[in-house]
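Student: I would like to learn how to read the places where protein and DNA meet in a model, and how to describe the packing of two helices. Could you take me through them one at a time?

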Number of protein chains: 2
Amino acid sequence: MTGSEIRRSMPLFPIGIVMQLTELTARQIRYYEEHQLITPARTDTNRRLYSLNDIDKLLEIKDLIDQGVNMAGIKQLFTVKEKQVFDDDLKKQEEKVRRDLSDEELRKLLRKEFMQAGRFTRSSLRQGDMSRFFH
Amino acid sequence: MTGSEIRRSMPLFPIGIVMQLTELTARQIRYYEEHQLITPARTDTNRRLYSLNDIDKLLEIKDLIDQGVNMAGIKQLFTVKEKQVFDDDLKKQEEKVRRDLSDEELRKLLRKEFMQAGRFTRSSLRQGDMSRFFH
DNA sequence: AATACAATGTTATATTTTATCACATGAAAA
DNA sequence: TTTTCATGTGATAAAATATAACATTGTATT
């Protein structure tokens, strides 16, 4: 998990602030929670605490409600979106693997060139200077 | 003012959250306010609301207090730091002016080149295409 | 049209949080 | 040793929140 993801999921805002930020009533916010669209954290004295992610979700909910989508529809949309980011993460992983592989190839090439160059400029470079390319 | 500056100065956090975020007691936080180190906003019902900037300041205060600096010292430090960012802003302004000036010169050069090019590739460009460089 | 349901409003009560003020305290400075 | 500084503690009032029950409104469905 990245730093910004941690920050965005940190429970910070009491419901009053969330009301202002989203222009939703407390009743609405709790209702959406009832329908499991959000799951705010709780303080040890049972007050709800919302994260930036929660607020984003609430704003999305508001938008979708305005467009006539009901709770069930929104829930579905959220789950497919979840799957979406999951797939994106997978893609990123794969991409990273590809990148690492071509790095590996790059290293081979560099090693070759280095050997070539050695023939002409013998001892102009100390081995250590380029050793970070090889392992 | 930039968007992030606006966000960082938006009053969002009630004192309870700030206590947790800074590990200061409410008494301390209000005390620092008494000494004008911070000036949190108030709701229309008189509750304090702190911004991200306020929280940064409180963390700095905490640090300085730990190092033995007193209220007066911290106040001084804050005012010189304020002057510092002010000066930095001035520098940025000047830099911008310089940039704008060289843009002006760039335009002159482009006009010249454009005239030159016209001799060879007459009518290959419509006037409108580069008119945005001239005004 | 009548009914049902979904989304939200309203009201009531209990608990928690915050504000303000006054007084206390320990450590450091004068 | 007095002051002063930074903070703690306690009391009281006001505000915010949680939960639950009931009311209202708009839309679909029959």
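Tutor: Gladly, and please keep in mind throughout that this is a predicted model. We can start with DNA strand C, which is surrounded by 18 residues, the closest being Thr25(A), Tyr32(A), Thr45(A), Gly16(B) and Arg48(B). Of the atoms of DNA strand C that come within 4 Å of the protein, sugar and phosphate account for 75%.

Student: Which side chains have an N or O atom close to a phosphate oxygen of DNA strand C, counting pairs within 3.5 Å?

Tutor: In chain A, a polar side-chain atom of Gln28(A) lies 3.0 Å from a phosphate oxygen of DNA strand C, and for an N or O atom in the side chain of Thr45(A) the distance to a phosphate oxygen of this strand is 2.5 Å. From chain B, a polar side-chain atom of Arg30(B) is placed 2.9 Å from a phosphate oxygen of DNA strand C.

Student: Which elements give two or more residues to the surface near DNA strand C?

Tutor: They are helix H3 (26-34) of chain A and helix H2 (15-22) of chain B, and the largest share, four residues, comes from H3(A). By class, the residues of this surface near DNA strand C divide into six nonpolar, six polar and six charged.

Student: How should I read DNA strand D, and which residues come nearest to it?

Tutor: The reading follows the steps we have just taken. Of the 18 residues around DNA strand D, the nearest are Arg48(A), Thr25(B), Tyr32(B), Thr45(B) and Met71(B), and sugar and phosphate make up 76% of the atoms of DNA strand D that come within 4 Å of the protein. A backbone N or O atom of Gly16(A) lies 3.0 Å from a phosphate oxygen of this strand, while side-chain N or O atoms of Arg30(A) and Thr45(B) lie 3.1 Å and 2.7 Å, respectively, from a phosphate oxygen of DNA strand D. H3(B) gives the most to the surface near DNA strand D, with four residues.

Student: How do the axes of H2 and H4 of chain A cross?

Tutor: The axes of helix H2 (residues 15-22) and helix H4 (residues 52-66) of chain A come within 10 Å and cross at roughly 45°, which makes H2(A) oblique to H4(A). Their crossing is right-handed.

Student: Which residues meet there?

Tutor: Val18(A), Leu21(A) and Thr22(A) of H2(A) meet Ile55(A), Leu58(A), Leu59(A) and Lys62(A) of H4(A), a contact with five nonpolar, one polar and one charged residues.

Terms used. Residues are numbered from 1 along each chain as its sequence is written. Chains are lettered from A and ligands numbered from 1 in the order in which they are written. This is a predicted model: local features need pLDDT of at least 70, side-chain atom pairs count only at pLDDT 80 or more; totals for chains, interfaces and linings use all residues. Side-chain values use heavy atoms; hydrogens and water are left out. Axes are lines fitted to C-alpha atoms, for helices over the stretch in contact, and angles run from 0 to 180 degrees between N-to-C directions. Angles under 35 degrees count as roughly parallel, over 145 as roughly antiparallel, 65 to 115 as roughly perpendicular and the rest as oblique. A crossing is left-handed if the near helix is turned anticlockwise from the far one by less than a right angle, and right-handed if clockwise. Contact means heavy atoms within 4.5 Å. Ala, Val, Leu, Ile, Met, Phe, Trp, Tyr, Cys and Pro count as nonpolar, Asp, Glu, Lys and Arg as charged, and the others, Gly among them, as polar. A residue is near a molecule or strand if one of its heavy atoms lies within 4 Å of it. A polar contact is a pair of N or O atoms within 3.5 Å; within protein, one must be able to donate a hydrogen and the other to accept it, and residues adjacent in sequence count only if both atoms are side-chain atoms.
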